[in-house]
Each structure stands twice: as C-alpha cells, then as structure tokens.
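User: Could you take a close look at one part of this model for me? I would like to hear about the charged and aromatic contacts there, and how they sit within the whole chain.

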Amino acid sequence: MGAAESRHPVQPPTRPRLSVEELLAAKNTQPIASPDDLKADTFESEEELDEFLAFIHAERRRDVA
C-alpha cells in the first residue's frame, strides 16, 4: 500500500438519505388497518400449533431446572 492510499481510506459510495415516508412509498406499503392484516396461516392445523407451543414451552424450561 502506498503512502497516498494509507492517508485516504477507501469508503463505499454514499447513497441518498431517504425519509421513512419515502422508503415506504418506494415499497408501495400500506398502513396496518387492523390486527387481521398481520394474520398468517403458518400452521396447517390446531394440533400443529399446539405441538409447536409445547415444544417452545419445553425448550424454555429445559435449562431452568
């Protein structure tokens, strides 16, 4: 590395700073109108959900004893 290179570190190019509103508009997002907007069909059945919750509960309690 030469002397000129050590005096001027390489920096990534700067990007324009956008406001939150500008970023949201660029992604065409909409505000959450109700909790139903957050609903997702992650589990195929109530049993699958119950198994997942039991697993999480057991994992959280595993190192407590």
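Analyst: Happy to. Let's start with a contact between charges: Glu59 and Arg62 form a salt bridge, with their closest N and O atoms 3.4 Å apart. Please keep in mind that this is a predicted model, and that the distance of 3.4 Å is computed from its atoms. The cut-off for such a contact is 4 Å between a side-chain nitrogen of Lys or Arg and a carboxyl oxygen of Asp or Glu, and the Glu59–Arg62 pair, at 3.4 Å, has its N and O atoms within reach of each other. In general, side chains of opposite charge can pair when their charged atoms come close.

Where do Glu59 and Arg62 lie? Both belong to helix H3, and they are 3 residues apart, about one turn of the helix. As for their surroundings, Glu59 counts as partly exposed because its relative accessibility is 33%, while Arg62 counts as exposed, at 54%. Searching the whole structure turns up 1 salt bridge, and the pair just described, Glu59 with Arg62, is a salt bridge.

Helix H3 spans residues 46–62, and Asp50 is also part of it. Asp50 is one of the residues of a negative surface patch, together with Glu44, Glu46, Glu47, Glu48 and Glu51. With a relative accessible area of 47%, Asp50 is partly exposed; the threshold for exposed is over 50%.

Now for the aromatic side. The search of the whole structure finds 1 aromatic pair. The rings of Phe43 and Phe52 have centres 5.2 Å apart and planes at 40°, so this pair is described as tilted. The reasoning is short: planes under 30 degrees apart would be stacked and over 60 edge-to-face, so what falls in between is tilted. Both partners have some access to the surface: Phe43 is partly exposed, at a relative accessible area of 31%, and Phe52 is partly exposed too, at 37%.

Stepping back to the whole chain, the model has 3 helices and 0 strands, and its elements run α-α-α from the N terminus on. How much of the chain counts as buried? Of its 65 residues, 0% do. The exposed area of the chain is about 7000 Å², and carbon and sulfur atoms supply 55% of it.

Note on methods
Residues numbered from 1 in each chain as written. Predicted model: local features only at pLDDT ≥ 70, side-chain atom pairs only at ≥ 80, totals over all residues. Heavy atoms only, no water. Helix = DSSP H or I, 4+ residues; strand = E, 2+ residues; numbered from the N terminus. Buried < 20%, exposed > 50% of the residue type's maximum accessible area, 1.4 Å probe, protein only. Areas by Shrake-Rupley, 256 points an atom, 1.4 Å probe, with all protein chains shown as cover. Patch = residues over 30% accessible without salt bridge, like charges linked within 9 Å, V, L, I, M, F, W, Y side chains within 5 Å. Lys, Arg positive; Asp, Glu negative; His and termini not counted. Charge placed at Lys NZ, Arg CZ, Asp CG, Glu CD. Phe/Tyr/Trp six-rings, centres within 6.5 Å; stacked < 30°, edge-to-face > 60°.
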